[in-house]
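Please look through the sequence and the model below before reading on. The report that follows describes the chain as a whole, then a pair of helices, a ligand site and one loop residue.

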Amino acid sequence: MKDFLTRIYEDFKVEEENWCEIADSQFVPNGLSNKIYGGYEKEHFQQFYMLKYTPLYIAEYVEIYEKFLEDYDKDTLRVLSVGVGSGLDYYALTKVLEERNNIELEYLGIDLVDWNYRNEKIDFEQVDLKDISENEHVIDFIQDGIDVVIFPKSIIEIPTYIRQRLGIPYQNDAFTELCNILVENHIDDVWFLNSYIKTYKEVTGLNEFSHIVDNLKSEGYIIVNGVDEKHYYESSSGENSVHYPLDYRNTWQLDLQNYCHRKCSEEQAEKCRLAQYPMLRKSHIAFGITNFKKVA
Ligand SMILES: C[S@@+](CC[C@H](N)C(=O)[O-])C[C@H]1O[C@@H](n2cnc3c(N)ncnc32)[C@H](O)[C@@H]1O
């Protein structure tokens, strides 16, 4: 991971002239698709995101996949990662599977944005979840069976949440679309792995997951293992923080701090100051693991 983050840091420095924008990059409308999401198509924001979140998110995805695999007894594993980004959950999964070489992995990631830094081994389609029925490759993958749908830090971005916050109307049909496709393709035994967003005040994403739970229940599925839409798991590791493999205080954090102070408006510099810490605390980890089976 150290080499990976070092490479991103080198690329980030090239984008210096865009650093003042970082604080404003989240929650921007995308003119092309008219979608609202985190401005992820901007290279400097992808780099900043990776520098800030990679160590914590990988640690979280390792915990999720390890816990899920405790109860998973098949020797093949077909994963659909929705909002895959640069594939941090794939990185975590392949690390976890290194110790279990008895499981054969098939993995497809989808995202609205074709991120940089994604491992080229990842099979990827650039598509909105709500349009997957029109994507032949995604449908072919699902037809061959799915064991896991993972939302790696993406569940709150998919439907209404950000639009509601910005006061923009939106018909939520992405989850309905996903559930319909699972039903149509006889995916009768499926696990959902949801990585939520946990702040000091709240956990977001549970409400979004409740759309999926309601939908699948109305189609005759029940939860046979894991948590429902009201509960979640926290980190089970005893340590409080994850290890950050770079000296971030003397690299990107310092660079950003100095640059924002010198070049950005007062308001941007203040936001920049708040943004420039990596997320390292495991107290931010919250996730759901839920196994549905169709019984009716
Ligand atoms: C917070 S990022 C998470 C990225 C990555 N999974 C990670 O762990 O860093 C959320 C991702 O969800 C994607 N996303 C949001 N809405 C989506 C949709 N409707 N369909 C597919 N991807 C979506 C965004 O483009 C973004 O890449």
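Two residues are said to be in contact if their C-beta atoms, placed from the backbone, lie within 7 Å. The model is a predicted one, and its protein chain holds 9 helices and 12 strands. Of the 296 residues of this chain, 39% count as buried, and among the contacts between residues at least 6 apart in sequence, 80% join residues at least 24 apart.

Helix α2, which covers residues 43-70, packs against α3 at an angle of about 50°, with the two axes 8 Å apart. The two helices are therefore oblique to each other, and their crossing is right-handed. On the α2 side the contact includes Thr54, Tyr57 and Ile58, while on the α3 side Leu88, Asp89 and Tyr91 are among the residues met. The residues of this contact divide into 11 nonpolar, 1 polar and 3 charged, and the shell around the ligand can be set beside them in a table.

| Group of residues | Nonpolar | Polar | Charged |
|---|---|---|---|
| Contact of α2 with α3 | 11 residues | 1 residue | 3 residues |
| Shell around the ligand | 13 residues | 4 residues | 5 residues |

Helix α3 (88-98) also belongs to the ligand site, since α3 and strand β4 (104-111) each supply at least two residues of the shell. Of the 22 residues around the ligand, Gly83, Gly85, Leu129, Pro152 and Ser154 come nearest.

Glu16 lies in the loop between α1 (2-14) and β1 (28-30). Is Glu16 buried or partly exposed? Glu16 is partly exposed, because 13 other C-beta atoms lie within 10 Å. The C-alpha atoms of Glu16 and Tyr259 are separated by 8.2 Å, although these residues are 243 residues apart along the chain.

How values were computed
Residues numbered from 1 in each chain as written. Predicted model: local features only at pLDDT ≥ 70, side-chain atom pairs only at ≥ 80, totals over all residues. Near = placed C-beta within 6 Å. Helix = DSSP H or I, 4+ residues; strand = E, 2+ residues; numbered from the N terminus. Nonpolar A, V, L, I, M, F, W, Y, C, P; charged D, E, K, R; others polar. Buried ≥ 20, exposed ≤ 12 C-beta atoms within 10 Å, placed from the backbone. Axes fitted to C-alpha atoms, helices over the stretch in contact; angles between N-to-C directions. Parallel < 35°, antiparallel > 145°, perpendicular 65-115°, else oblique. Left-handed = near helix turned anticlockwise from the far one by under 90°.
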